[in-house]
Amino acid sequence: MLRRFVCALAMGAAIALPAQAEDQVTDFMLENGMQVVVVEDHRAPVVMHMVWYKAGSADEKPGVSGVAHFLEHLLFKATDKLESGEFSATVAANGGRDNAFTSYDVTAYHQRVAADRLELMMSMESDRMVNIRLGEEEILTERDVIIEERNQRVENNPGALFREQLNAAQYLNHRYGIPIIGWRHEMEALGLEDALDYYGTYYAPNNAILIVAGDVDPEEVKALAEQYYGVIPANPDLPERARPSEPPQTSARRMEFYDARVAQPYVTRSYLAPERNPGDQRGAAALTLLAELLGGGQTSVLSQKLQFEDKNSIYATAWYRGTSLDATTFNLLTVPAPGIGMQEAEDAMDAVVAEFMETGVDEAHLERIKMQLRASQIYERDNVDSVANRYGRGLTSGLTIADIQVWPEILQSITSEEIMAAAEMIFDRKKSVTGWLLTEEEAAQ
């Protein structure tokens, strides 16, 4: 959903946004197979340094769910050159900030620092690519940390537990159905061998992309990358990224989740949807615009009808995130207003979608969304963090630099006919998963 609006749009005035300038991107490959991408922005003396490993939770072996995220934590422990915690302390002492994240498809480590500290970041990050030093004490301590993280983020959150079960119902065979943080019973058994096996398999330069964005010179970045990353041997046994695919879905799936802690029940539905693919992004662009038309803010079709006209919902939305390696989902959600039953809320949501399929796209609404998207993409270029993330997420999901750069123009070129064709393809009830999040009181009714 879009959150950034220009004042002229808010006042209803027409504005002319400048064409999005093309990023100054240089990319090259080190001899060991590591891709390096440099995005220049000399407006401020800062740099974003990111290493993206093309491995996430969906690349884990069966039975060790959560090991990708577990290893992410462990990389902040000791290496041959740094003591435990020294990495982040050094970044902070140099006025920067650092963090890491794990998703289904990637694990990424990043630091935002002054541009003249780039070499220090490369020195430390390349060190922990190969020189992590782990023992049973670190394993036991950090395993408790990730279990407590699951307690706080999932076990104590009925909405998170509901979404976890809903996701498992969506993906019967693909590992997107397994939570990134892991199933608790498998997390409790994670050990040193599990972590080192994942580390030895995937943490290699030929399975990584280095993104450097900010006030840097590409030739200087290349020299530093060769000095620090280029000397690390490739993994000759890196496995292919072969993942199980979903079987054809021929029947609608439904689930209800009851919990006494639920404060606000809601209805959600997901449909398996194609991801953005290299050289063929128009379908994903049409789904992106469809999601904005249906659920992108208070002017969207769902909000206007359910919240403001019929007043049977206090919130309604739709979303689609196409930047993934494998098939993703298209989602709808409505939160019933007081006095509105769950079936009534679901029926009302379905009625709005059915009406949209009959009436088609409002061209004026579509043009407003396209202008808002253009504005958002232009503003995003002011943040080197966002720029680095955009290239990292795109490249690790199989897109090319050209695909990433042409994406804004593809969005602008999508027609109403393409959006309706995407809607016809997506909205097949037999291929849906519907979930109700309910209070325990409602279970007794």
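Biologist: In what order do the strands of the six-stranded open sheet stand, and what is the pairing?

Modeller: In this predicted model, the six strands follow the order 1-2-6-3-5-4, with mixed pairing.

Biologist: Why are strand 1 and strand 4 called edge strands?

Modeller: Strand 1 (24–29) and strand 4 (97–102) each have a single partner strand, so one side of each has no neighbour in the sheet. Ignoring direction, neighbouring strands here are turned by 15° against each other on average.

Biologist: How do you know that strand 3 and strand 5 are paired?

Modeller: Pairing requires at least two bridges between the strands. Eight bridges join strand 3 (residues 46–53) to strand 5 (residues 107–114), so the two count as paired. They run antiparallel, and Met 48 stands opposite Arg 112 in strand 5.

Biologist: What packs on this sheet, touching strand 4 and strand 5?

Modeller: Helix 2 (residues 67–74) does, and its direction makes about 165° with that of strand 4. Angles over 145 degrees count as roughly antiparallel, so that label applies to helix 2 and strand 4. Helix 3 (residues 86–93) also lies across strand 4 and strand 5, at about 135° to strand 4. That value falls in none of the other classes, so helix 3 is oblique to strand 4.

Biologist: Which strands stand at the edges of the five-stranded sheet, and why?

Modeller: The order in that open, mixed sheet is 7-11-8-10-9. Strand 7 (253–258) and strand 9 (313–320) are at the edges, because each has a single partner strand and one side without a neighbour in the sheet. The twist averages 15° from one strand to the next.

Biologist: What makes strand 9 and strand 10 a pair?

Modeller: Seven bridges join strand 9 to strand 10 (residues 328–336), and a pair needs at least two, so the condition is met. The two strands run antiparallel. Tyr 315 stands opposite Val 335 in strand 10.

Biologist: Which strands does helix 10 lie across?

Modeller: Helix 10 lies across strand 8 (266–273), strand 9 and strand 10, running at about 175° to strand 9.

Biologist: Why are helix 10 and helix 16 called roughly perpendicular?

Modeller: The axes of helix 10 (residues 282–295) and helix 16 (residues 416–426) come within 8 Å and cross at roughly 85°. The perpendicular class spans 65 to 115 degrees, so the label fits. Residues in the contact include Leu 290 of helix 10 and Ala 422 of helix 16. By class, the contact has 10 nonpolar, no polar and two charged residues.

Technical notes:
Residues are numbered from 1 along each chain as its sequence is written. This is a predicted model: local features need pLDDT of at least 70, side-chain atom pairs count only at pLDDT 80 or more; totals for chains, interfaces and linings use all residues. Side-chain values use heavy atoms; hydrogens and water are left out. Axes are lines fitted to C-alpha atoms, for helices over the stretch in contact, and angles run from 0 to 180 degrees between N-to-C directions. Helices (H or I, at least four residues) and strands (E, at least two) are DSSP runs, numbered from the N terminus. Angles under 35 degrees count as roughly parallel, over 145 as roughly antiparallel, 65 to 115 as roughly perpendicular and the rest as oblique. Contact means heavy atoms within 4.5 Å. Ala, Val, Leu, Ile, Met, Phe, Trp, Tyr, Cys and Pro count as nonpolar, Asp, Glu, Lys and Arg as charged, and the others, Gly among them, as polar.
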